[in-house]
Amino acid sequence: MGSHHHAGAEHPGESAAADTARLLREAAFEVSRSAREVRGVAARTGALLGSSGFTRSTLRHPRTGVAAQWALVRALTNGAGLGFALGAGDGALRRMGQAGEVCGRESLANRVAVTSLRLRAGAVLAHHPELERDPGMRRLMEAVTGDRDVEALRALRALLKDKGAERAMSTIAPLFAELSAIRALLDENPLNDEVGWQIATGEALHADPWFGISARHLAAFDAGEGAAVPVEPDGDEPWPLAAEGSLMGFLRNIDALGTDGRILIQDVRGPDGVVRHVLQAPGMAPGKPRNDSPQDFVGAWSNLFDPESPYTRGILLAIDEYGLPAGADLALVGHSEGGIALMNLAQNDEFCRRFRVTHVVAVGSPIDNKRPADPRTWVASVTNQHDLVPTLDGRGAGSGSVFTPHPDWYEVDYIDSSHDFPLCHSLGTYLGNLEADLPDARHDIDEALTPYRGPVLRSQVYQLKDRANPPQGYPLLTVPVAPVATSAGPAELPVRYYDSTAVVAVFAVEPGRAASLLSDTSWMSPTRIGRRVLVALSAYEHRCASVGPYNELSLAVLVNDLWRPRAHDVLRELLRRADTRRTGRQVTALAVTTPEAEAVSREVWGQPATRALLDVRLTANRLHAVLAAPAPTPGGATTAGAEAGRPLVTLTGDLGPYVPAPHVDCVLYGRTADATLRSMVHCAGRQRFHAAPRVRLRCAPGHAAEDEPLARQVRALGLDGARPLCVLSAPAYQARRGAGAPLPR
């Protein structure tokens, strides 16, 4: 199909407005050509004035040379001539020109370009009379075109206040490019003149980003390499994908995929029996930028200005995984950011040598500054004039467009009754317009896609990501696992803790009190600081673990080398790796909240675990760890029932100031009937060391406390009401713990 420019359905009485708009566009085009000529004259004049040869000639012939030099200066600075056009030169002349613009001087080329833009704005108003009738919009246009910055700012604020941000954006959208360019050319900032000039003369449609943003500017925001993972629908319901190939079917597929990073590749058998392929890509997701997907605002800008964006690279990886054969016919259909990413592929020479890109259909996408590498590629662009996104390529609304950068494209630039942005940018709105308001355009594009109209043979959805993320917990938790049977069911070793909170409070107690807890393993020697023995009360909130989420509260005595104990063993052994360490913590009491954790603790690690009601939370710098009395079992004592839910052991309060500290792997000891079990805990990340914690440990009196082993031991150690010597906390804790190894004693 040849060139076609479809402006949407024309209603009776619009022919006069169309004729007026056409005349204004033609006049704007001629004026823009004059602006380019004037700028060229200024550039050549400035080049001559600043040339070293002209300077040497002036020195050799000062009488005539100075006169000629002065004539050139007058030509470049006289308001009746080229205006203040020194900025068209290089070096010192250019800096003088920029300084003059800061002081309010203007060049003739810029004034002529502004005239062209005003004519373009008039063409837009001929098609959008509602803009001229809108007092707020009229006030904004008069302020911008009259170079009244303060008034323009007030008008924009009033427009936003009156209509709201979304409605105001859709109101401005048809004139966005023209107003932006006029503002850039008329203000006193010389650094944005090139932006306005490119829009005014159409250079933005043939060059790199007209906003002056390049790929290197985006590197700090979007450095992902892109990734693609095949995904299947959740549950038993299949993806709601069309079974037949067609324009509306492909667009409805894109609408069904949503904007959370999925794309679709399909095989379609055409009417001639040949299997061809269609790649379908949605647009950007609303809201804040996301680190997990290229389909966000930062990704859209990266796609617009960087042909090798993460979105484009992710699509390439999906194509490789899908296994498209070399030389296959491929159609690309995309909305918004998806259309930009697909045009990045279509303009890539290597990609077009690998596959034959036959069709590109972009809906609501700013792609006018891109061109397919294969001249045979048929391109259709569908844009709503109140949609702000397609104007980002610098062309503006079709009703005021002076330049036709792609006369061989099929362009549909129409006016929708819905002016609300971002509603008018949504694919649902475009689908409704194509279905109800643009039947001719829908038929034409469908006819061009005839080779892809037939039964769908294969469909595969891919999840795109900004970068290929490692497995959860990598590298600490990506280790071989082995099954182990417990009384609560099968488990895997090592046990992996992916997301936990850990707090370890260290107390000093009398040696005699600690000795009573180690009576059954008297060969262990407790660690002493001076005349006191160290014990640790540890609280954990395991939000994600391989044995399921659970909370944990444990009491342990720090012990020295089991065979050759020496003073200060623990401090010296901290420098060793856990697998070569001889010291550790003997767990004397352990409370957990699930039967799986209780079974693993007792049967794999030899720890005296009991099930209990536990609440462990670390919010900001405040700890809340509470062990409560359990509900009574059937036929249990009434006293215990009366105390059900009452706190038995609490460790609460502010942890106080801290300094960062590395995590230290630890060794834990447990006991079975005939052996001591040694298990190692390997940790990752950083923790906090609180040297002056303000938390306090309390133990409630009563029968329930006497029945709970951990509460009974806390009271036996004399820790009721005690403050810890120090606390180690880790709001984001990851660890793995292997099986307990039996020791010979």
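Which residue lies over the face of W605? Select W605 and look above its ring: R737 is there, at 3.8 Å from the ring centre. Before you go on, keep in mind that this is a predicted model.

**Stop 1: the whole protein**

Zoom out and switch to a cartoon view. You're looking at 745 residues, and 51% of them are buried. The secondary structure comes to 25 helices and 27 strands. Now think about who touches whom: of the contacts with a separation of 6 or more, 74% are between residues 24 or more positions apart.

**Stop 2: rings and charges**

Show the side chains of Y322 and R458. Here R458 lies over the face of Y322, at 3.6 Å from the ring centre. If you like hunting for rings that pair with each other, the count of aromatic pairs comes to five. For each one, a pair of rings is described by the distance of the centres and the angle of the planes.

**Stop 3: helix α15 and its neighbour**

Next, select residues 310–322, which make up helix α15. P310 belongs to this helix. Is P310 buried or exposed? Its relative accessibility is 1%, and buried means under 20%, so P310 counts as buried. Add A227 to your selection: it is 83 residues away from P310 along the chain, yet the two C-alpha atoms are separated by 7.7 Å.

Now bring in helix α16, residues 337–346. Its axis and that of α15 come within 9 Å and cross at roughly 65°. That angle is why the two helices count as roughly perpendicular to each other. The crossing is right-handed. To see where they meet, show Y311, T312, I315 and L316 on the α15 side. Across from them, α16 brings E337, G338, A341, L342, N344 and L345.

**Stop 4: helices α13 and α18**

Select residues 247–257 for α13 and residues 427–436 for α18. These two pack at an angle of about 160°, with their axes 10 Å apart. Angles over 145 degrees count as roughly antiparallel, so that is the label for α13 and α18. As you rotate the view, look for the left-handed crossing where α13 passes α18.

Which residues of α13 meet α18? They are M248, L251, R252, I254 and D255, and they face L427, G428, L431, L434 and E435.

Stay on α18 a moment. Its buried residues are L427, T429, Y430, L431, N433 and L434. The cover over them includes α13 and α19 (439–448), along with the strands β5 (329–335), β6 (356–363), β7 (378–384) and β8 (410–414).

**Stop 5: helices α2 and α3**

Head over to residues 52–60, helix α2, and residues 62–77, helix α3. The angle between them is about 135°, and their axes are 6 Å apart. With that angle, α2 and α3 are therefore oblique to each other. On α2, light up F54, T58, L59 and R60; these meet P62, G65, V66, A68, Q69 and L72 in α3.

**Last stop: a serine in a strand**

Finish with S554, which you'll find in strand β15, residues 550–559. Because its relative accessibility is 7%, S554 counts as buried. What does S554 contact, leaving aside its neighbours within four places in sequence? Select A536, L537, S538, A589, L590 and L710 to see its partners.

How values were computed:
Residues numbered from 1 in each chain as written. Predicted model: local features only at pLDDT ≥ 70, side-chain atom pairs only at ≥ 80, totals over all residues. Heavy atoms only, no water. Helix = DSSP H or I, 4+ residues; strand = E, 2+ residues; numbered from the N terminus. Buried < 20%, exposed > 50% of the residue type's maximum accessible area, 1.4 Å probe, protein only. Phe/Tyr/Trp six-rings, centres within 6.5 Å; stacked < 30°, edge-to-face > 60°. Lys NZ or Arg CZ within 6 Å of the ring centre and 35° of its normal. Axes fitted to C-alpha atoms, helices over the stretch in contact; angles between N-to-C directions. Parallel < 35°, antiparallel > 145°, perpendicular 65-115°, else oblique. Left-handed = near helix turned anticlockwise from the far one by under 90°. Contact = heavy atoms within 4.5 Å.
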